[in-house]
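Reader: I'm new to this one, so could you walk me through it in plain words?

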Amino acid sequence: MDISNTSGRRKTSVARIYMQAGQGNITINNREMKAYFGNELLENIVNQPFATLEKLGQYDVKVNVRGGGISAQAEAIRLAISKALVGEDAESRPALKKEGFMTRDPRMVERKKFGKRKARRSFQFSKR
C-alpha cells in the first residue's frame, strides 16, 4: 500500500494530494468531490488523467486545496494527479504530456500599477 503525494498549481491555487490504490474515492478538503464541486464539468477535469490512462476507479485520492476559484482548483488537482501517476509509472508520461496535463499553466493575474485604474487600463481621459 504505497502512498504517493504530490502538489499541483494553477493561478493562485495550490493542491496537495495523497494517492493510493483503492476504489476510486476522491475526497477534497474532507468532502466528497460531488459535494465540493457540484459541477460535472469540473469533476471531469479532475478525472481526465485517470480516463486518459484507463485507470478510473483504481486509486483513492485525498486532496487539500486552497486559493483561487473552483476551476483553477480543479486544474491544480488535475496536474497533481498527473504528476502522481507518472511517479507510479514513468511509461504513462508521454500520454499525459500529449494531452497537456503535465504542463503547469504559468498565466497569473497581472499586478495593478499606480496611476492606472487596473493593471493596464487608464483612467478616462478628458481633453477639457
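Reader: Strand 3 and strand 5 are joined by how many bridges?

Author: Keep in mind that this is a predicted model. Strand 3 covers residues 26-28 and strand 5 covers residues 59-66, and the two run parallel. In this pairing, I28 stands opposite V63. The number of bridges joining strand 3 to strand 5 is 3.

Reader: Okay, and which strands stand at the edges of the sheet?

Author: The open sheet has 5 strands with mixed pairing, in the order 1-2-5-3-4. A strand at the edge has a single partner strand, so one side of it is left without a neighbour in the sheet. That's the case for strand 1 and strand 4.

Reader: What angle does helix 2 make with strand 3?

Author: Helix 2, residues 40-52, packs on the sheet and touches strand 2, strand 3 and strand 5. Its direction relative to that of strand 3 comes out at about 145°.

Reader: Is S4 buried or exposed?

Author: S4 is found in strand 1. Beyond its neighbours within four places in sequence, S4 is in contact with residues including I17, Y18 and A84. Buried means under 20% relative accessible area. S4 has 15% relative accessibility, so S4 counts as buried.

Reader: Last one: are the rings of Y36 and F37 stacked or edge-to-face?

Author: There are 2 aromatic pairs in the structure. The ring centres of Y36 and F37 are 5.3 Å apart. Planes over 60 degrees apart count as edge-to-face. The planes of Y36 and F37 are at 75°, so this pair is edge-to-face.

Key. Residues are numbered from 1 along each chain as its sequence is written. This is a predicted model: local features need pLDDT of at least 70, side-chain atom pairs count only at pLDDT 80 or more; totals for chains, interfaces and linings use all residues. Side-chain values use heavy atoms; hydrogens and water are left out. Helices (H or I, at least four residues) and strands (E, at least two) are DSSP runs, numbered from the N terminus. Buried means under 20% relative accessible area, exposed over 50%, partly exposed in between (1.4 Å probe, protein chains only). Contact means heavy atoms within 4.5 Å. Rings of Phe, Tyr and Trp (its six-membered ring) pair if their centres lie within 6.5 Å; planes under 30 degrees apart count as stacked, over 60 as edge-to-face and the rest as tilted. Two strands pair if DSSP finds at least two bridges between them. Axes are lines fitted to C-alpha atoms, for helices over the stretch in contact, and angles run from 0 to 180 degrees between N-to-C directions.
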